[in-house]
Amino acid sequence: MNTMEVRFTGGMLALNRLLMTLQNKRMPVAGFTLAREAAGNSGGMRATILLECPPEPALRYTALISALEDVSEVGPAETIEVALISTSKEWRTAAESAGIEAHEDDGTVVASGAPEKVEDFLAALGDGVEDMVRLGPLARPEGEARGGV
Amino acid sequence: MEDTAFNIEYKSRTGSEAMCEALLDEGVEYLFGYPGGAIMPFYDALPDYPLKHVLTRHEQAAAHAADGYARASGRVGVCVATSGPGATNLVTGLATAQMDSVPLVAITGQVGRPAMGKDSFQETNVMGMTLPFTKHSFLVEDPDELYPTMRRAFEIARGGRPGPVLVDVPKDVQFAATDDKGYRRLREAPPPVESPGLERAAMLLRNAKRPLILAGHGVTLGGAEMELRLLAERTGIPVVTTLLGISAFPDDHPLYLGWPGMHGQASVNRAIDRSDLLFAVGMRFDDRITGAAHKFAKGAKIIHIDVDPSELGKVIKPTVGIAADAKAAMRSILGHLDNAPDEGEGCEHWREELARSQEPERRRKESARDQYGPIQVMEAIKAAAGPDLRLVTDVGQHQMWAAQFFEFTKTNSHITSGGLGTMGFALPAAMGVAFAYPEDPVWVIAGDGGIQMNIQELATIRDFGLNIKVAVLNNGYLGMVRQWQQFFHNRRYSETPITGPDYEQLTASYGLAGRTIREGDDVEAAVRRAQEQEGCTILDFHIDPEANVYPMIPSGMSVNEMIEEDGA
C-alpha cells in the first residue's frame, strides 16, 4: 500500500477533477480521506489517498496527479487514523498496549495513532464498541508532503 | 512592474471586452465558433476587435477546425460555443484534442450566475462533463478574473504536454464591468533535461546492434524534427514513426522505414520485434502500436522520452525513462554522443537487413499503382498537389491507406485524429489547416461514412472560399468495421452498408464542384483538374466495396498473429 497526500485549492470543482482523474486513470484507490487545510491556507484541501499497487506505478500516479493545475503539492505521506468511540468497556489498558493516544471527551473516546495500531486497539475492544466514527487515514499534519514530483 | 506582461493604462471594460483583449494579447487570429444565447455578450464585443471569426455550421466542427488550425500552425486553436447544446456539441472535439495532445482553448457561454444550478434554459454543467478530457477547465464567476484566467488558459493549453482548456463564462460575467489592472505572467518552467538518463541513452545508442528510433507526435509538437533528423543521421539508426508522428521525418529519407502497429507495414512490425534497442521519443505506446504489450519488442532495451512523466512506464517499462521535452532531450543526447568516441560496430548490417525486408512491400506498392483503387488515387493527389501538400485524413480504412502509401516529405503535412479516432474530423480540421496555410494545397481523404458526419461544413468552406479538395473513397460501407466483421464475425455485415448523397448534386447545391469517378475513368486527369480548379471540389471515388487494409494485427495480439494479404 502506498500513501499519497494531495494538497489542492479550487473547492468542489478541483475535488471533482481530482476524483475524476482517479477514476479516469483507473488508479487502484484503496482509501480516500478528505480534510481541510488549516485556516489561512486559502481554503485548500488535503486528500490522503491509499493506492494498492507497487511503488513504481504509485510514483507514476503521483506524477499524473501533480500535473493537475489545482494541485499545489503531492507526495508520499505518513498517516494517522482517528477513531471516535462510544463504549462502556474499559479502554485505557487496550490503548496503552496498542501504543496509541486516547482520551475521553464528554463520553466519547477519542483514539488516534498509526492505522494498524488503531486497528489493534479496536480489535482488543471487540464487541465493547457500541458505536464508532473512523476518520482517516490522514496524513500527519506536522509532516510536509515529501518527495513530491 | 517587472512581473506584469503589460504596462498600460486600462480603461474600465466589460467581461466580454476583457475576453477579446486576452485573445488579442495571445496573438489569436482566428476563432471558430457558433453564437447562441449565453455567449451573446462576447459576440457583441467581437466586431470591435481585429479577431477573425469563422462561423461553422456545427459546434463540433468548430472544435475540429480549431484543432486542425492548432496542429498545422503550432499555435493554440480557439473555439467558441454557447451554453447547453452548444457546449455539449464541443465535447467530441475536446476529447479528440486531448487524446492527441493538441493545444486548444474552448470558450463557452454559461447561463447567468443567478440561474446556475436551477435547470435553467440551456444550462448544462460543461465543466463537469468535460473533466476527463480537458487538460484544465475554468468556470469564471468573478469578472475581474476573466482576463487573467483567459491568459492562463492559453499558458496551460500550450505548456508541457499540450491539451484543451475550457473557459466557461456565465452570461452576466460577460456583461459585467471589470476592474482588473493587469496580468501576472505565469510562465511554466521548461521540463528539466539534466538527467543521468540522457548520458545512459547515448551510451545505449552507441552500442546497439539493431536499434530503431520510434518517433511520435511529441516530436512535431515540440518542434524537434531537426533534432530527430540530426540524431538519426549522426547514429545511422533507422527511423519509424507512430501514426501521428508521420511527417515528423521525411518519408523519402534513406533512414525512414515506415510506421508500425495494427495496420502498419509488416516489415516495420517485424523490425521492432527483432530490434535490440528502441529509442521512443514523444510517443505513448498506444495499444494500436503495441498490440499485446507484454509481447512488444521483447528483445529490446527501451529508451522512452516524453514530456509527460506519467507516460513513462504506463504501458511499457523503459530501461531508461526520461521526462523531458523531445527537442531538449535529443539535443542533449547529441552532445553526449559528440563527447565520446564511437566504439560500437554501428548498425550497417541491420540497415541492409531491413532494406531487404522491405523489398516485397515496395514491389507490391509498385504493382498496385496501375490498378484503380486507393493507391492510384493517392499517387495522383501527390503528383497534382506537389511537395507542399497538407493532407488531412478522416478515420477508417482510407486513413490507413493514406498513412501507408502516401509519401510525406514536408514537415507536419499529415494531420489525422489518431488517439480518439473521430470520424467526421477531416473536413472541419482541413478548414483550420487551410486558414493556417492559405497558400498550401490542402486535401482531405475521407470515407463515405465519415464525410457525412460533418458534411454541413461545405457551407463554411464556400463562404470563406477555402481551396480544399476532397477525395471520398466510397465503398458503400463503413469499411473498417466491415473488414472486422469479415475477419472476426463471419462476414455478418450488420449495419455497415451505408448510402450517401450524389456528391455531384450535393456540391452543386452548395455552389461547389463535384465529380464521380469509377473504375475505367482517368483518375490522374480528374485529380489534376480538381487541383487546378479554384475552390473546393469533391471527388467521389467508387472503389472496391470489399477492399481491405493489410496487414492487420488483431486487437490485443502480437506481430506473430499478423494477418497479411494473400500471397504476401
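Q: In this predicted model, what makes B:V76 and B:F154 contacts of B:V105?

A: Two residues are in contact if their C-beta atoms lie within 7 Å. B:V105 meets this cut-off with B:V76, B:V78, B:A153, B:F154, B:A157, B:V165 and B:V167, leaving aside its neighbours within four places in sequence. Therefore B:V76 and B:F154 count as its contacts.

Q: Why is the set that holds B:V105 and B:C79 called a nonpolar core?

A: A nonpolar core is made of buried residues of listed kinds, Val, Ala and Cys among them, joined through C-beta atoms within 7 Å. The largest such core has 183 residues, and those with the most contacts inside it are B:C79, B:V105, B:A430, B:V444 and B:A471. These five are Cys, Val and Ala residues, so they fit the definition.

Q: Which helix gives the largest share of this core?

A: Helix α17 of chain B, residues 426–436, gives nine residues.

Q: Where do A:M4 and A:V74 belong?

A: They are part of another core, of 21 residues, which lies apart from the largest one and also includes A:V6 and A:L51.

Q: How do you know which residues of chain B and chain A form their contact?

A: The same 7 Å cut-off between C-beta atoms applies. The contact takes twelve residues from each of the two chains. On the side of chain B, α5 (126–130) and β6 (136–139) each give two or more residues.

Q: What makes seven residues on that side of chain B nonpolar?

A: Residues such as Ala, Val and Leu count as nonpolar, while Asp, Glu, Lys and Arg count as charged. By this rule the side divides into seven nonpolar, four polar and one charged.

Methods. Residues numbered from 1 in each chain as written. Chains lettered and ligands numbered in written order. Predicted model: local features only at pLDDT ≥ 70, side-chain atom pairs only at ≥ 80, totals over all residues. Buried ≥ 20, exposed ≤ 12 C-beta atoms within 10 Å, placed from the backbone. Helix = DSSP H or I, 4+ residues; strand = E, 2+ residues; numbered from the N terminus.
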